[in-house]
Amino acid sequence: MSSESTKTEVGSYFISNYPPFSQWKNDQLDEVTNALHSPPIAETPLGLYIHIPFCRKRCKFCYFKVFTDQNAKEIEKYVSALCREIELVSQLPVMGGRPFRFVYFGGGTPSFLSSRQLVSLVDRLRKNINWDLAEEVTFECEPGTLQENKIKTLKELGVTRLSLGIENFSDAVLEENGRAHLSKEVYRAWDWIAAADFDNVNIDLISGMVGETWDNWKYNISEAIKLSPESITIYQMELPYNTVYSKDILGEKIETPVADWETKRAWLNYAYDEFLQAGYKISSAYTVVKDDSKVNFSYRDNLWQGSDLIATGIASFGHVSGVHYQNKADMKEYQSDLTEHGKLPLGRGFKPTQHQLLIREMILLLKRGYLDVNYFQDKFGVDITQRWNSQFQQHLENGMLTIEEGRIELTRKGFLHADALLPVFFEDEHQGIRYT
Ligand SMILES: C[S@@+](CC[C@H](N)C(=O)[O-])C[C@H]1O[C@@H](n2cnc3c(N)ncnc32)[C@H](O)[C@@H]1O
Ligand code: SF4
């Protein structure tokens, strides 16, 4: 998220939840335990997140909890703990006999696991859970980890949405940013991916990688259009505190090597224009989609609308019956809680008020590009245009959105600034504090 300054400064972040993660505390775990051990709130969709924290290399811009030096034995130890965790969560009252509506294998790099490790993981998971009724099973992949047989395995395991971290098509930019893959690995994997015929293939790009130029960005967009995936996610480069680049900048006191916000937005704006021209539609501030009747973003849309998400894996984030939680982020503690003590590795939690749940849903849904005022009136009994009248008016005057007949819609300018529009809706006590 940008600050007032147009520089990409250390400490910028994506808004993916509310209240800010910095407010979640260990002493709120009783609330989490209560929610997990009570039946679900009726009609609440259920999803499962499975975190695989391994990568071939740590990208210099990445802020996720990842490990790059684990051997097969250590990976098996992690996978065993994960399977034990899924066994424990499958027995929780909050499951309430509900099928998983969406499943998300995220990371790190889930595709870091070999075909054999994947089949073994899924075999063990299926003893306790299944996702046969899920409308979306997403699996994140790093191009250089893919082989033809692994892609076939993913299809056989029921993956419907494969998400590929391409980020950039220039080898020089990929290398500079510490990516483990080069462009030839993207093209090599692409034919196998196309042959497997997943319902949805998404590619990730980043606007503002170190070394990016206008010419190269134009090349990225034209190569992405040639691949013609069902959806394309474009992140604007952020520099949260815990990235290699951020540490270099803070430690060495060097100027940020990342393009400023104006430039990144100009690149995103160009990308929107080109993708629209090629037949894509804007589906959220980060995503364009080729055929919105074919692709439903079950994970994104359910999560943003307050569905339950069971989090599994080290440091993962979940949400049940209106309570947020995060698993422990220390590998030893995560594993020993499960394998030695037979208990869930819960790290911290937060029980939001109804008002905070409303703010959460409103700011997340605004990233989709529109808000239906009646929806919030029906669900929370609040007229959001009255409650946040001055904030919406300010955004209106700044050309970020329109308000007509009960519908608030982001303009193009609003889409380009989406994350920066949200903090004004935070409560006073959460203004200006550290987010993560
Ligand atoms: C978990 S990774 C995807 C799978 C795999 N690990 C990979 O990178 O290919 C999720 C995505 O987050 C994005 N990302 C990571 N760090 C970022 C940052 N600092 N700014 C913007 N996007 C970032 C990248 O686009 C990346 O593809
Ligand atoms: S961006 Fe992906 S591959 Fe790179 S370190 Fe992060 S999770 Fe791993």
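Visitor: How do I read the way helix H2 (residues 72-90) and helix H3 (residues 115-125) sit against each other, and at what angle do they cross?

Guide: Start with the two axes. In this predicted model, the axes of H2 and H3 come within 9 Å and cross at roughly 20°. Angles under 35 degrees count as roughly parallel, so H2 is roughly parallel to H3.

Visitor: Is the crossing of H2 and H3 left-handed or right-handed?

Guide: H2 goes past H3 in a right-handed crossing.

Visitor: Which residues make that contact?

Guide: From H2, look for Ile75, Val79, Cys83 and Ile86; H3 answers with Gln117, Leu121, Arg124 and Leu125. By class, that contact of H2 with H3 has six nonpolar residues, one polar and one charged.

Visitor: H2 also packs with helix H11 (residues 331-339). What is the angle there?

Guide: Use the axes again. H2 and H11 pack at about 50°, and their axes are 9 Å apart. An angle between 35 and 65 degrees falls outside the parallel and perpendicular ranges, so H2 is oblique to H11. As for handedness, H2 and H11 make a left-handed crossing.

Visitor: Which residues of H2 and H11 should I pick out on screen?

Guide: On H2, pick Lys77, Tyr78, Ser80, Ala81, Arg84 and Glu85; on H11, pick Tyr334, Gln335, Leu338 and Thr339. The residues where H2 meets H11 sort into four nonpolar, three polar and three charged.

Visitor: Now the ligands. Which residues come nearest to ligand 1?

Guide: A shell is easiest to read from its nearest members outward. There are 19 residues around ligand 1, and Glu140, Glu142, Gly165, Asp204 and Tyr235 come nearest. Strand E2 (102-107), strand E4 (161-167) and strand E5 (200-207) are the elements that give two or more residues to this shell. Its classes are eight nonpolar, six polar and five charged.

Visitor: And which residues are around ligand 2?

Guide: That shell holds Cys55, Arg58, Cys59, Cys62, Phe64, Val66, Gly107, Gly108, Thr109, Glu142 and Gly165. Five of the residues around ligand 2 are nonpolar, four polar and two charged. You've met Glu142 and Gly165 already: they are among the nearest to ligand 1 and also belong to the shell around ligand 2.

Visitor: What should I know about the peptide bond from Gly107 to Gly108?

Guide: For a peptide bond, check omega. This one is cis, with omega near 15°. Gly108 lies in the loop between E2 and H3, and both glycines are in the list around ligand 2. Another cis peptide bond joins Tyr18 and Pro19, where omega is about -10°. You'll find Pro19 in the segment before helix H1 (29-36).

Visitor: What is the phi of Glu167?

Guide: Phi is another backbone angle to check. Glu167 isn't a glycine, yet its phi is positive, at about 70°. Its place is in strand E4, one of the strands that contribute to the shell around ligand 1.

Visitor: Last one: which domains does the assignment give, and where do they touch?

Guide: Begin with the bounds, then look at the contact. The domain assignment gives domain 1 (21-302) and domain 2 (369-436). Their centres, taken over C-alpha atoms, are 27 Å apart. Nine residues of domain 1 and eight residues of domain 2 take part in the contact. On the domain 1 side, helix H9 (261-277) and strand E7 (281-284) are the elements that give two or more residues. H9 gives the most to that side, with three residues. The side of domain 1 that touches domain 2 has five nonpolar residues, three polar and one charged.

Technical notes
Residues numbered from 1 in each chain as written. Chains lettered and ligands numbered in written order. Predicted model: local features only at pLDDT ≥ 70, side-chain atom pairs only at ≥ 80, totals over all residues. Near = placed C-beta within 6 Å. Nonpolar A, V, L, I, M, F, W, Y, C, P; charged D, E, K, R; others polar. Axes fitted to C-alpha atoms, helices over the stretch in contact; angles between N-to-C directions. Helix = DSSP H or I, 4+ residues; strand = E, 2+ residues; numbered from the N terminus. Parallel < 35°, antiparallel > 145°, perpendicular 65-115°, else oblique. Left-handed = near helix turned anticlockwise from the far one by under 90°. Contact = placed C-beta atoms within 7 Å. Domains from an automatic or database assignment.
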